[in-house]
Every structure is written in C-alpha cells, then in structure tokens.
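Biologist: I have a chain to learn about, and I would like to go through it step by step. Can you put it on the screen, please?
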Amino acid sequence: MLGKLARQDDPNVLVGFDHADDAGVYLVAPNLALVQTVDFFTPIVDDPYTFGQIAAVNSLSDVYAMGGRPISALAMVCFPEKADLAILERILAGGLSKMVEAGCTVIGGHSIRDPEIKFGYAVTGTIDPTRVKANSGAQVGDALVFTKALGTGVISTAIKRGVANPAWIEAAVSSMTTLNKQAAEAALCYDCHGMTDVTGFGLIGHARELALASNVSLRIRAAELQHLPGALQCIERGYIPGGLKSNREFAECCVEFAASVPEHLRTLAFDPQTAGGLLISLPAAQAAPLVKELRTFGLPAANVGEVVERTTPLIFVVE
C-alpha cells in the first residue's frame, strides 16, 4: 500500500521499500546510517518465555540481514485485558534475554488491550553506509549460502494441532531462538555482495526478492536444502500452514522445478519461516570457507545454489 502513495523525496534514505528489502537504512552522518525495522506476531509456541525469545530473534534478524548492528529496541505488546499479567512478564523476560545476548538495549515500548496476544519489537541498528548489504547486491557467478534449516512453518502448524513430536518441537525452538548475529558477522568477513533473511515469504519468496532487486536469476539445489527434524513428515501428513499456500500461489509463477525434485521438497521451499536463516550471495570460491566457519557455530549452513544471468524462469530448482 505504501507504494501506491506519494513518495517522499529524501536523499538520506539509502534503502527504502522500493525493493522489499529487510529493513530501512537512513543516513545520519557521512560515516553513519541507521537501520530500522519492526516485527510482531501472535504466539507460535505454548511457553510464554520461549515465545518472547522467538519474537526478539525474529525482530533482530532484519538488522543483521542488512549487515547492521542492533543497538536499541522498543517493545510492542497486544495483551488481553483480563489475562494473567504473569504471562506477559514471562514473554517480556524471554524477549529481553535475547536482546541482552544481541547487545541491544530495550529502551521502552507501547501496549494496547487486545483479545489476541501479539508481541514484537521495533529495532534500530547502526551501519557503515558503504557496507549496506541490500538484497540488490547479488552478482552473476555468486554462490548462495543459506544458514539455517527449513521447516518452522509446518512444524508450528503441527504444534498448534497438538500433534508435534517433542523432538520436532525442540529442534524448531532451538532454530527459532538462535540469533543470526554470528552468521551475519561471519558473512561480513567475506566479500558478501547481498544478504536477506528468509522469513514469512519462505525461501522462494525471499529468493525472488533477491533476484528481482539484483536483476539476476537463481539456480537452487533442492538436495542441499537442510530441513528440521519432522519437517518432511509434517508435509506428508498435511500439516500445511495457510502462509505456505499463499506463498505458493504468489511465487510459483516465477519458479520452475526440475521433474526430479520431489513434491515434499517443492512444498518445503515455500514454507513460511519464523526467525529463519540468512541467504547470502558471495563469490563462489568463498562459499566453502564460509560454510565451514558457520558450521563451527553449530549452524546447518549449506551452499544451496548460484546466481546466474537473468533469464526465464527467475528461479530454477534442480534436484
């Protein structure tokens, strides 16, 4: 909707909403810019503390995806009038634990009464304006490194239906409560050309944004995509979130799957992620060293594809 309104002409806006980037970037001094983002959502797990952690990790992720360092945050809370405030305290405590881990100071917030709980943050970060990692930076010949496993959407659906295996929940929660801090810092030590985090629009949706903004096409290897324990079982049993269906309806027109790619891997590529991983575009020769370094952090990173010249289809997925 913002795109339909009159645009403000401000030369200090280095990254706006033109290319559906992860966060806005605003120049405040010749060597300093602010990275600004906001994100909040309804609970996807039962434990309030864990929900707070996941919301914080998800909110911080957009700053990391731009190559920035989060410095401050404002909490946003929607909470039922007659609900137990001890629940809210646990949500806030969980969020604060991740903000502390990120070195990001919570300096306030805003709350309203709402029948449905919602929680998240508006986060501000800093960045060198010459080192912004927008989604328009991918270059032909680059490799694509993805830092986390897919499947939080389908597993969250299984959790909501009360049918998720405890091991699936544990793995999904571990992934969703892992900051992208180490992954972003590692990527910035290489010649990273572009970066985006994979969240609600799924891998294909965010890869589409990267390809369009960079005027390139992408070739993705389905067999290299890591998936959380239980993710494929959830797909096989039909635990498909509405967001996955929407993502597929929207983005399937720009992707072509090789006939050999199994249906469950095609579906997984559209799965909406919460606090998902970073999709990093960098020179092919640097992909293996980066993946090796990321794996020392315990991340299931993998080289999942490459950037090619713009063609049709925009994204081609091979086995």
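Biologist: Is helix α3 (residues 152–160) largely enclosed or not by the rest of the structure, and how many of its residues are buried?
Modeller: First, note that this is a predicted model. Helix α3 has nine residues. It is largely enclosed by the rest of the structure, because the buried ones number eight of the nine.

Biologist: Which elements are included in what covers the buried residues of α3?
Modeller: Start with what needs covering. The buried residues of α3 run through Thr152, Gly153, Val154, Ile155, Ser156, Thr157, Ala158 and Ile159. Their cover includes α4 (166–176), α7 (231–236) and α8 (242–251).

Biologist: Just after α3, which residue takes a positive phi?
Modeller: Look just past the end of the helix. The angle there is about 70°. The residue is Gly162.

Biologist: Which residues touch the most other members of the largest nonpolar core?
Modeller: In soluble globular proteins, nonpolar side chains tend to be buried together. Here the largest nonpolar core holds 102 residues. Helix α1 (residues 48–65) gives the most to this core, with nine residues. The residues touching the most other members are Ile155, Leu218, Leu279, Ile280, Ile315 and Val317.

Biologist: Leaving aside neighbours within four places in sequence, which residues is Val317 in contact with?
Modeller: Val317 is one of the core residues touching the most other members. Set its sequence neighbours within four places aside. What remains is Ile204, Ile220, Ala222, Val255, Glu256, Phe257, Ala258 and Val261.

Biologist: Why is the chain said to be as compact as a globular protein of its length?
Modeller: The secondary structure comes to ten helices and 13 strands. For 319 residues, the globule rule gives 20 Å. The chain is close to that, so it is as compact as a globular protein of that length: its radius of gyration is 19 Å.

Biologist: What share of the contacts with a separation of 6 or more comes from residues 24 or more positions apart?
Modeller: Thr177 gives an example of residues distant in sequence. Thr177 and Val57 are 120 residues apart along the chain, yet their C-alpha atoms are separated by 6.1 Å. Thr177 is also in contact with Val57. Across the chain, the share is 85%.

Biologist: Is Thr177 buried or exposed?
Modeller: Thr177 sits in the loop between α4 and α5 (181–187). Its contacts include Thr50, Gln53, Ile54 and Lys98. The cut-off for buried is under 20% relative accessible area. Thr177 has 12% relative accessibility, so it counts as buried.

Biologist: Strand β4 (residues 69–79) holds Met76. Does Met76 count as buried, partly exposed or exposed?
Modeller: Strand β4 also holds Ser72. Ser72 has a relative accessible area of 16%, so it is buried. Buried means under 20%, and exposed means over 50%. Met76 has 23% relative accessibility and therefore counts as partly exposed.

Biologist: Not counting residues up to four places away in sequence, which residues does Ser72 touch?
Modeller: Compare the two lists for the strand. Met76 touches residues including Val38, His110, Tyr121 and Ala122. Ala122 is also on the list for Ser72. That list is Cys104, Thr105, Ile107, Ala122, Val123 and Thr124.

Biologist: Is Pro30 buried or exposed?
Modeller: Pro30 is in the loop between β2 (24–29) and β3 (32–41). The cut-off for exposed is over 50% relative accessible area. Pro30 has 79%, so it is exposed.

Biologist: Which residues does a cis peptide bond join?
Modeller: Most residues other than glycine have a negative phi, and most peptide bonds are trans. This bond has an omega of about 10°. One partner lies in the loop between β12 (302–309) and β13 (315–318). The pair is Thr312 and Pro313.

Biologist: What is the phi of Ala275?
Modeller: Asn215, in the loop between α6 (202–214) and β9 (216–221), has a positive phi near 55°. Ala275 is in the loop between α9 (263–268) and β11 (278–283). Ala275 is not a glycine, but its phi is positive, at about 50°.

Key. Residues are numbered from 1 along each chain as its sequence is written. This is a predicted model: local features need pLDDT of at least 70, side-chain atom pairs count only at pLDDT 80 or more; totals for chains, interfaces and linings use all residues. Side-chain values use heavy atoms; hydrogens and water are left out. Helices (H or I, at least four residues) and strands (E, at least two) are DSSP runs, numbered from the N terminus. The radius of gyration is taken over C-alpha atoms; the globule rule is 2.2 Å times the number of residues to the power 0.38. Contact means heavy atoms within 4.5 Å. A nonpolar core is a set of buried Ala, Val, Leu, Ile, Met, Phe, Trp, Tyr and Cys residues joined through side-chain atoms within 4.5 Å. Buried means under 20% relative accessible area, exposed over 50%, partly exposed in between (1.4 Å probe, protein chains only).
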